[in-house]
Structures are given as structure tokens and as C-alpha cells.
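The following explanation leads the reader through one structure, from a single buried charge to the surface around a nucleic acid strand. Please keep the sequence and the coordinates in view while reading.

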Amino acid sequence: MSHTVTNPPRVRIAPSPTGDPHIGTAYIALFNYVFAKKHGGKFIIRIEDTDRTRYRAESEAMILDAIKWFGIQWDEGPDIGGPFGPYKQSERLPLYQKAADTLIQKGAAYRCFCTVERLDKLREVQNANKLPPGYDRHCRTVSQEDSDRRAAAGEKFTVRFKMPTSGVTSFDDQIRGKVEFENARLDDLVLLKADGFPTYHLASVVDDNAMKITHVIRGEEWVSSTPKHVLLYEAFGWQPPSFTHLNLLRNTDKSKISKRKNPTSILYYRRKGILPAALRNFLALMGWSLGGDQEIFSTQTMIEQFTWERFSLGGPVFDLTKLLWMNSQYLKDLSDDTWVSLLKEQVFNDHYLKQIIPLIKERVQSFEEFIPNTDFFFSGDLKYENTPILPKGLSGKVVSNWFSEVLEGFENLDEWTVANIKEVMEKFVADKKIKAKDLFMPMRVAVSGTLVSPPLMETIQVLGKEMVRRRMRLAMAYLAAQKEVAQPANK
RNA sequence: GUCCCCAUCGUCUAGAGGCCUAGGACAUUACCCUUUCACGGUAAGGACACGAGUUCGAAUCUCGUUGGGGACGCCA
């Protein structure tokens, strides 16, 4: 396959503000950026905030901030604008509604009045009969008059795409070559939800067209949606962009990288003291290489040398150990002055210190005692071997399961505040009817590595969600490997 | 279950028919350097998933098997 790029490409990343900035977003962003810069094109950020149920207000700023830290600058985006704004889908709603109407008028889409309950039931039956799940096109045959009347009467509906029932749709992936799908297997996907918001499928197609995106470079999880997108472009009468799907970052067990098994927040790596340049270099190596034996290279070098031919398709396992090694290579090349300023900026910054000091002020007699009493605020992974972490009579498995549930509660918090953290933990203790001490003590050890520390909730809050998640998961692994029942402390 | 993608050391990868007794890096293990630790250096072990083809010749091409992954939501 030859993929000559004639005009300056326009590429984008489309993160959705539903949580922590994800390492996968950085990975995809890097390749989009490098590809754009290689060919003198534009790299754009568009916020896909069409899911109101998963929307997190603080997430958007965190994502932009994280990408900025990562070290790649966008040419157009929600904060800096650009010729095709706004760059936030919630501010472009009329566009999608108009697009959906156009499709209905063309006979390429239809209103679906099926309830969520009916759909659930349908899936259930399909599942029970081991049939592939999918919409049964129940509303596809509703007449235009009926449809209009029901809609006018205020009945709730979604808009679905009228998928062709025969033929083949294909696209030419820049690294996978030609990929074909039989249309008959494609579902009548929802374009517009009952709340008037578009789904990803509609919104991304409409926006990519409106923003003149030439190359869509995204994760492998989108491969099976791509024929639907191609068909959407055709229905609109638009020229589809080129599609390229990068392999997904993986956990050690090869499954798609997840926060249960790996730190996935970009914030975690920043917090850990990874240099952006090292992270970019490391991520570049997840699928791409210079070709020879050279592994340490700058993003600039990558841009100069970039071709898709040098991209390999195996799903790369994200290996923290190698990242750390790479980081050390970058770290030792930094000047002492740079070290000082980075340390002040990233580790001993005013913001962080001011959070810690109130917790420690009354517990020390001199500055000498500051570091020994607060070391866990500045360190990474902790060791639990030398501290009794299990309460008497409880098994590691039980406590580990508790941690898992508490963590789940933490994940669902809108804001990382002491009050919220406290609520999760106290509610858990009450629901499980366990002694507060039996949960709090092991958690204290998990997050601080010691039995003596400042107040737990405050400590958890200051440490931050990523660090707490990481340490609790490490503690869980340690606990799960413990003997069934803890030995009494005094034998 | 159905569709799609993928397959070289434990991990990231080089390899685009003969340069391959498969190269590098991380990790591991030795040894050297060193008052310690680390860095650095040297060395070792460690892979072409399997089976058929095509070819004088296959890690490289084709097909099949197996294995892994992804998708099948009014989530992205």
C-alpha cells in the first residue's frame, strides 16, 4: 500500500472528559502529532463530551493540562480556538441534530421508539440463545407518517442509521492494509440519543468532516466501528478521511491496559517523576522504531524519520521497568541546575508542601523530623514486608477484597476531598458492619507504609488518587499472597 | 456465540526470500571497576506458536490450525 500524503494533513485526538487523563490518550496523541508534524500539518484536540452520565467537570482541564505536560502542543483546541470551533461537542449540538434530520429526510436514518427496557430484554434473549447481540430493526419499518406523528406527540425516540443489508464496506488502513466488512453484519447504530445528544459515531463523523480532518488515527478498538463510519460518510455524501488504527497498550496479561492492573493516569507518571521526553520516547517504542539499534531518540528525530512502515502490529505490553530505565537515561543527562529546578517544581513545590505541613506541624519538634515523618509523601511504591498490615484474625484475601471495594468507591467520586473520602470509608465500615479499625489500620499501612502517620483521610487526600490507587493495588497483591489467616501479633 | 485484528527471547523490538549458527534494549545471572551503593564495562542463559505448501533456499510469501486481543451499548 502506498500512502502518499499530498496536502498538509489535519489530525485530531478526541478525548472524552470522563476521568483521569489516560496514558492511551498520550500514546495516540503522540502518533497523531508526529504524523502531522512530519507532513507540515495540524494537530487538533477536540473534547468529546456527549455522555452526560459519565461527564466529570474537572476532567477536561486535567486532560489538556496533562497533554501539555506530555510536551505536545496542539494547533487548534477548546482553549486556544481555531478556524473550525468550537472544539467541544457539547457546544455543537445543533450541528448533530441537523445532520440527523438530514439523514432522516434522505431516508438513510429513522426514528426508533424502542425503550431501553425492550432493548435490554432483546439482548437478554439473544444472549440466552447464544446469538450475536444487536438491534432487531423493530422500528425500521415504521411509516414516515407514523414516525412523524409519534415524534410530534412527544414520544421519546432515538435516531438510528439505516444500515445497508447487503454489500461490503472496506477501508484502507495505513498500517493494516485493506479491511473488509459485510454490511449485513452491521447494526443499525444509534446516531442521536433520546436526550438529543449525539453518539460518538455521529458526532465524530460530523465534526471530522466539519473540521476537515484528513487522517483519523485512533486506537484499535475502533476498527469494527469504522465501516459504519465510512457508510455514514457515504450517506452524507462526504469524502471519508483515511483511517489508521494503532494497537492498544496492554497489561502484562495482554489485555487492553486498565487501571486495575496498571497505572493508567498520565498524572501518575508526572507525579512519579517521569520526564515527558522519556515518556514520549518510551511510548514511541510501543509499536514504532527507528529501524536500527537506537532506542533513545527525541520526538524531533521521530518526526524526521517517521513512516507508518516502521510501525509493528503486535499488542505491546506496557513495561514500567523499562520506562524507568529510559527515564534514568534522560535524568542523568540533565544539568544539576535543571535538577534543582525540576525538583522544586515537581516534588517540593509550594502547593504540595502547604498541604502536608498542616498534617505534620503538631507532630514534630524540629525541622529535622520533617523528612523522616513525611517520606512517604515523596516516595513511590512502598514495601509492606516489615510492617504488620493485617489486623488480628483477618485473612489477606478478605482485607484485599475490602480494598477493592473501597477503591471502587473512590473511583466514583466526583471530587477528591477529605469529606468524600471519609464518606466512602465510613459508609463501607457501616455497610459491612466491621470495626473501623480493621479497615483503617491496613489502609494506613497501605498508603503510608507505617503504623504511625498523620490522619488517614487527610493523608489519602494529599497523596492524590493516582498514588493511593497504586499503593492500594500493590498492598492488595501483597495481602492476597499472605497466609490464609494472620498470625496473632504476640505469639 | 458472530465479526475483525494480531503472532520473533519473560518484555519492547530489528528482520521486508539467501547477509540469521536470528541482532539490539529492558529484566535476570556471573565477573570487572569500586571503601559502600549505583553508574559503567564484559559475558551468559533466553525467541522465529504449530502444520502443510510455494521456492534451489522461508522468521520473511500462501493456506490451515492453535493462541492472544478487540468489537458487538441511547460509553467513548
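Contact means that heavy atoms lie within 4.5 Å. The model is predicted, and the walk through it begins at Asp438, in helix H17, which spans residues 436-448. Leaving aside neighbours within four places in sequence, Asp438 is in contact with Pro391, Leu394 and Trp402. Asp438 is buried yet has no salt bridge. The nearest side chain of opposite charge is that of Lys435, 4.4 Å away, whereas a salt bridge requires a side-chain nitrogen of Lys or Arg within 4 Å of a carboxyl oxygen of Asp or Glu.

Elsewhere, salt bridges are present: the structure holds 29 of them. One of these pairs Asp20 with Arg469, the closest N and O atoms being 3.3 Å apart. This pair links distant parts of the chain, with Asp20 in the loop between strand E1 (10-13) and helix H1 (23-38) and Arg469 in helix H19 (residues 465-480), 449 residues apart. Asp20 is partly exposed, at a relative accessible area of 24%, while Arg469 counts as buried at 7%.

A further salt bridge is formed by the side chains of Asp75 and Lys37, at 3.0 Å from N to O. Here Asp75 belongs to the loop between H2 and H3 and Lys37 to helix H1, and the two are 38 residues apart. Both partners are partly exposed, Asp75 with a relative accessible area of 29% and Lys37 with one of 28%.

The side chains of Glu295 and Lys322 also meet in a salt bridge, with an N to O distance of 3.1 Å. Glu295 lies in the loop between helix H9 (276-284) and helix H10 (299-305) and Lys322 in helix H11, so the pair ties together parts that are 27 residues apart in sequence. Glu295 is partly exposed at 31% relative accessible area, and Lys322 counts as partly exposed at 32%. In addition, salt bridges that share partners join Arg12, Arg46, Glu48, Arg92, Asp207 and Asp208 into one network.

Glu295 leads on to RNA strand B. Of the 56 residues around this strand, Glu295 is among those that come nearest, together with Arg176, Lys193, Ser224 and Gly287. Helix H11 (320-331) supplies the largest share of the nearby surface, four residues; helix H4 (116-128), strand E4 (158-161) and strand E6 (177-182) each supply at least two. By residue class, the surface near RNA strand B divides into 21 charged, 20 nonpolar and 15 polar residues.

Which parts of the RNA face the protein? Of the atoms of RNA strand B within 4 Å of the protein, 81% belong to sugar or phosphate and the rest to bases. Individual contacts involve both phosphate and base atoms. A polar side-chain atom of Lys193 lies 2.6 Å from a phosphate oxygen, and an N or O atom in the side chain of Thr50 is 2.8 Å from a phosphate oxygen. A base oxygen, in turn, lies 2.8 Å from a backbone N or O atom of Ala194.

Finally, the backbone geometry of several loops deserves attention. Gly85 and Pro86 are joined by a cis peptide bond, with omega about -5 degrees, and Pro86 is found in the loop between helix H2 (59-70) and helix H3 (93-106). Arg137, in the loop between H4 and helix H5 (144-152), has a positive phi near 60 degrees although it is a residue other than glycine. Lys212, in the loop between helix H6 (200-210) and strand E8 (215-219), likewise has a positive phi, of about 55 degrees. Arg137 is partly exposed, with a relative accessible area of 21%, whereas Lys212 counts as exposed at 52%.

How values were computed: Residues are numbered from 1 along each chain as its sequence is written. Chains are lettered from A and ligands numbered from 1 in the order in which they are written. This is a predicted model: local features need pLDDT of at least 70, side-chain atom pairs count only at pLDDT 80 or more; totals for chains, interfaces and linings use all residues. Side-chain values use heavy atoms; hydrogens and water are left out. A residue is near a molecule or strand if one of its heavy atoms lies within 4 Å of it. A polar contact is a pair of N or O atoms within 3.5 Å; within protein, one must be able to donate a hydrogen and the other to accept it, and residues adjacent in sequence count only if both atoms are side-chain atoms. Ala, Val, Leu, Ile, Met, Phe, Trp, Tyr, Cys and Pro count as nonpolar, Asp, Glu, Lys and Arg as charged, and the others, Gly among them, as polar. Buried means under 20% relative accessible area, exposed over 50%, partly exposed in between (1.4 Å probe, protein chains only). Lys and Arg count as positive and Asp and Glu as negative; His and the chain ends are not counted.
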